[in-house]
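User: I should like to learn how to read the main features of a protein model. Could we proceed feature by feature, with the general idea placed before the particular case?

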Amino acid sequence: MADILYIVVPCYNEEEVLPETSRRLREKLEGLMAAGKIAPESRVLFVNDGSRDRTWEIITQLHQECPLFSGADLSRNRGHQNALLAGLMTAKDRCDMAISMDADLQDDVDAVDAMVEQYYAGCDIVYGVRFSRKKDTFFKRFTAEGFYRLMNTMGAETVFNHADYRLMSKRALEGLAQFKEVNLFLRGIVPMIGYRSGTVEYERGERFAGESKYPLKKMLSFAMEGITSLSVKPIRMITGLGFFVFLVSILMLIYSIVRWAMGETILGWASMICSVWAIGGLILLSLGVIGEYIGKIYLESKERPRFLLREVLEDRDGKAD
């Protein structure tokens, strides 16, 4: 008997793209059902992340018109990662496997077939990985690849060129549910679950409509979130930097004593001012990094809910679509 698949799609102000996204996903589900690869209870779960446009209205209409579509409405905007987690946790008790993807149709819908095949082959997690960035501009390619290299260098291990397009089995979803942190970076958390994994390469397309939700500023913020959520390497780097500055100060002290013993005048204004500014900058930078960690400890200690659901669209038999 085929297993139940849920496709989880976080949505924030996606009214322009939802009609086409729903059409393609419906065709994909119906094709997989006809081939006997997934159960008739499989669904597309749209998660409304506090959108300010007609996104939830469209999701509700899709649900009323076709039983293959379901929806979950967050109480307010909580960000992509929390919306995605909300969808996965909603699907966890209703499916055997869940695939997460963005609503903008940049993720190749046809890669779903290969993910499902790897699931039946024994993989609990299947990562969708871009095999080429030839369509990207030089700036986009440079910043995106730099993002993954920076993450791995700083200790937040991720799958290179993988975003949030992945399949997770029910067992993997239950493992994810045990990670309770408020500061979410799913690209780094999911590999920590373990279990057997695989990859599916695909060509990422252009956004079908609307504007990108991840400009450079948000990508940098996302990278900082991931690094400080998953790694203490920045603090260790500060420790190493402190030792280095201390050694430099010892060398400068020895140099000053030697110059004094030789009776030579020390011309010190420029070097002193540079040293003061350099050390002051390092101190402020160090305090900023430490402050990031303290802030995260503060948020984690409050144990606030990561998301609250206002409504989940249900079938008449009580199961979510």
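Analyst: The turns below discuss the sheet, the helices, the cores, the aromatic pairs and the cysteines. Please keep in mind that this is a predicted model.

User: How many strands does the open sheet have, and what is their order?

Analyst: A sheet is read by listing its strands from one edge to the other. Here the open sheet has 8 strands in the order 7-5-6-4-1-2-3-8, and the pairing is mixed. Strand 7 (197-202) and strand 8 (309-312) are the edge strands; each has a single partner strand, so one side of each lacks a neighbour in the sheet. On average, and with direction ignored, neighbouring strands are turned by 20° against each other.

User: In which sense do strand 1 and strand 4 pair?

Analyst: Strand 1 (residues 5-11) and strand 4 (residues 97-100) run parallel, and 4 bridges join them. Within strand 4, Ile99 is the residue opposite Ile7.

User: Which strands does helix 1 lie across, and which does helix 3 lie across?

Analyst: For a helix on a sheet, one reads the strands it covers and then its angle to one of them. Helix 1 (residues 18-34) lies across strand 1, strand 2 (43-48) and strand 3 (69-74), at about 155° to strand 2. Helix 3 (residues 80-92) lies across strand 1, strand 2, strand 3, strand 4, strand 6 (162-169) and strand 8, at about 155° to strand 1.

User: Helix 3 contains Lys92. Is Lys92 buried or exposed?

Analyst: Lys92 has a relative accessible area of 15% and is therefore buried, the cut-off being under 20%. Beyond its neighbours within four places in sequence, Lys92 contacts Lys170, Leu173, Glu174 and Ala177.

User: Which residues of the largest nonpolar core touch the most other members?

Analyst: A core may be read through its best-connected members and then through the elements that supply it. The largest nonpolar core has 37 residues, and Leu5, Ile7, Val9, Leu25, Val44, Phe46 and Tyr165 touch the most other members. At least two residues each come from strand 1, helix 1, strand 2, helix 2 (55-65), strand 4, helix 4 (111-120), strand 6 and strand 7. Helix 4 contributes the most, namely 5 residues. Another core, of 32 residues, lies apart from this one and includes Leu85, Tyr127, Leu176 and Ile193.

User: How many aromatic pairs does a search of the whole structure find, and why is the pair of Phe46 and Phe69 classed as it is?

Analyst: An aromatic pair is read from the separation of the ring centres and the angle between the ring planes. The search finds 3 aromatic pairs. For Phe46 and Phe69 the centres are 5.9 Å apart and the planes stand at 25°, so this pair is stacked. Because Phe46 lies in strand 2 and Phe69 in strand 3, the pair ties together parts 23 residues apart in sequence. Phe46 is buried at 0% relative accessible area, and Phe69 is buried at 3%.

Tyr119 and Tyr120 form an edge-to-face pair, with 5.2 Å from centre to centre and 65° between the planes. Tyr119 counts as buried at 14% relative accessibility, whereas Tyr120, at 41%, counts as partly exposed.

User: How many disulfides are there, and are Cys66 and Cys95 buried or exposed?

Analyst: A disulfide is assigned when two cysteine sulfur atoms lie within 2.5 Å. By this rule the count is 0. Cys66 is buried at 4% relative accessibility, and Cys95 is buried at 2%.

Definitions and conventions. Residues numbered from 1 in each chain as written. Predicted model: local features only at pLDDT ≥ 70, side-chain atom pairs only at ≥ 80, totals over all residues. Heavy atoms only, no water. Buried < 20%, exposed > 50% of the residue type's maximum accessible area, 1.4 Å probe, protein only. Pairing = 2+ DSSP bridges. Axes fitted to C-alpha atoms, helices over the stretch in contact; angles between N-to-C directions. Contact = heavy atoms within 4.5 Å. Core = buried A, V, L, I, M, F, W, Y, C linked by side-chain atoms within 4.5 Å. Phe/Tyr/Trp six-rings, centres within 6.5 Å; stacked < 30°, edge-to-face > 60°.
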